[in-house]
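Reader: Hi, I'm new to this one and would like to be walked through it slowly. Could you show it to me first, and then we can talk?

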Amino acid sequence: MQELVILAPAKINLTLDVKGKRPDGYHELETIMHQISLADVVRLRRRPKGIKVVTDSSLIPVDENNLAWRAAAEFFDVIGNRGGASIYIEKRIPVGAGLAGGSTDAAAVIKGLNTMYECNLEKNEMLEIGARIGSDVPFCIQGGTVLARGRGEQMTPLHLARPLSLVLVYPGFSVSTREVYQGLADREILVRPDNRGVGEGLERGQLELVCRGMANVLETVTIDWHPEIADIKQRMMGTGAVKALMSGSGPTVFGVFRSQEAAVQTCDIIRNHYQEVFTALSWRG
Ligand code: C5P
């Protein structure tokens, strides 16, 4: 196979709990991660050797600082350096937004190269490569909806009874994931998610149960630095969201709605207030 086109979906965190700090400096998580229909397009083409990244976005690097570049380098290392790849990334996911945009491109490259080079790597081997690139990459390889523990690599898949109708607002600035986690250090966590309740709600298709248990312990840190995130949540609730929450370390806020019509309506109402506003559904890969 000479060429392959793959969709690389974004993720949101329906819950995010931090259980403590690990000896490796990372934080021990318990988080429900959920892929959504917003996706980058990743085009792979074989090259005899070397890795080349091209993108339509001026906001992402095209060298070894790009997670997709590093994913390809790790992949070729594992298979013994037989070959190379051109990687074209059509960016649709906002950059630095808490939506795993870089991680999902990296995951698409690992899965895509495995197919293109007919390597038959097992999923576990791809997950291992992904974990070396970034905390969210294993989930992006796994896909769907999972309860993730550890750094995010210990995953229990959740079966979704029905898709969620969502609105996402990206307010147009980035936050440093590292700094947000550091900012948690001197805080008492007052509100934690109910991961079991949310998991059950998703599997039974009970939206109220899902929304009741949703929380993100990183919100207080990011909202202290960027109070507009609280405003977005409030506006989203005011236009009919059952629940609104920040995704990951932020700054993107998503709202959960009872129907796609309600989500579209809210999107129309708030569209002009923020840099990027869009509707999404749960990813059906
Ligand atoms: O793994 P990734 O590069 O996505 O993480 C970015 C930064 O976020 C890490 O360098 C670390 O400071 C912080 N982080 C953490 N605990 C996690 C995930 C990320 O402390 N579970």
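Author: Let us begin with E118, which sits in the loop between α2 and α3 (123-133). Please keep in mind throughout that this is a predicted model.

Reader: Okay, and is E118 buried or exposed?

Author: E118 is exposed, because its relative accessible area is 59%, and the cut-off for that word is over 50%.

Reader: What's its backbone doing there, what phi does E118 have?

Author: The phi of E118 is positive, at about 45°, although E118 is not a glycine. This residue comes just after α2.

Reader: Let's look at α2 then. Which residues make it up, and how far apart are its end C-alpha atoms?

Author: Helix α2 covers residues 101-116, and its end C-alpha atoms are 22 Å apart. That agrees with the span its 16 residues should have, which is also 22 Å when each step along the helix counts for 1.5 Å.

Reader: And how many residues of α2 are buried?

Author: In α2, 13 of the 16 residues are buried, so the helix is largely enclosed by the rest of the structure.

Reader: What about the other side, the loop between β4 and α2, where A100 lies?

Author: A100 has a positive phi of about 60° and, like the residue we began with, is not a glycine. With regard to the surface, A100 counts as buried because its relative accessibility is 9%, and the cut-off for buried is under 20%.

Reader: Which lysine is found in that loop?

Author: That would be K91, which is found in the loop between β4 (84-90) and α2. K91 has a relative accessibility of 16%, so it counts as buried too.

Reader: A buried lysine, then. Which side chains does the side chain of K91 contact?

Author: The side chain of K91 makes a polar contact of 2.4 Å with the side chain of D40, and another polar contact, of 2.8 Å, joins the side chains of K91 and D105.

Reader: Switching topic: which residues are around the ligand?

Author: The residues around the ligand are Y26, H27, L29, G134, S135, R151, T177, R178 and Y181. The protein covers 78% of the 450 Å² of accessible area that the ligand has on its own.

Reader: Where does the ligand sit in terms of pockets?

Author: The space that the ligand takes up is the largest pocket.

Reader: And which elements supply at least two residues of the shell around it?

Author: Those are β2 (27-47) and α5 (177-183), each of which supplies at least two residues of the shell. Of the elements, α5 gives the most, with three residues.

Reader: How far are the side chains of H27 and S135 from the ligand's oxygen atoms?

Author: For H27, an N or O atom in the side chain is 2.7 Å from an oxygen atom of the ligand, while for S135 a polar side-chain atom lies 2.5 Å from an oxygen atom of the ligand.

Reader: Back to β2, since R45 is found in that strand. What is R45 like, and how far is it from M116?

Author: R45 counts as partly exposed, because its relative accessibility is 46%. The C-alpha atoms of R45 and M116 are separated by 8.5 Å, although the two residues are 71 residues apart along the chain.

Reader: What about L14 and F254, how far apart are they?

Author: L14 and F254 are 240 residues apart in sequence, and their C-alpha atoms are 9.2 Å apart in space. L14 lies in strand β1 (residues 3-21), and it is buried, with a relative accessible area of 0%.

Reader: One more region: where is the cis peptide bond?

Author: The cis peptide bond joins G250 and P251, with an omega of about 5°. P251 has its place in the loop between β8 (243-246) and β9 (253-257).

Reader: And S57, where is that, and what does its side chain lie close to in terms of backbone nitrogen?

Author: S57 is found in the loop between β3 (50-55) and α1 (67-79). A polar atom of the S57 side chain lies 3.0 Å from the backbone nitrogen of L59, and S57 itself is buried, with a relative accessible area of 15%.

Key:
Residues numbered from 1 in each chain as written. Predicted model: local features only at pLDDT ≥ 70, side-chain atom pairs only at ≥ 80, totals over all residues. Heavy atoms only, no water. Helix = DSSP H or I, 4+ residues; strand = E, 2+ residues; numbered from the N terminus. Expected span 1.5 Å × (residues − 1). Buried < 20%, exposed > 50% of the residue type's maximum accessible area, 1.4 Å probe, protein only. Near = heavy atom within 4 Å. Polar contact = N/O pair within 3.5 Å; in protein donor to acceptor, adjacent residues only side chain to side chain. Areas by Shrake-Rupley, 256 points an atom, 1.4 Å probe, with all protein chains shown as cover. 1 Å grid on protein atoms, 1.4 Å probe; cavity = no way out; pocket = protein on both sides within 12 Å on 5 of 7 lines; lining within 4 Å. Sits in = over half its atoms within 2 Å of the grid points.
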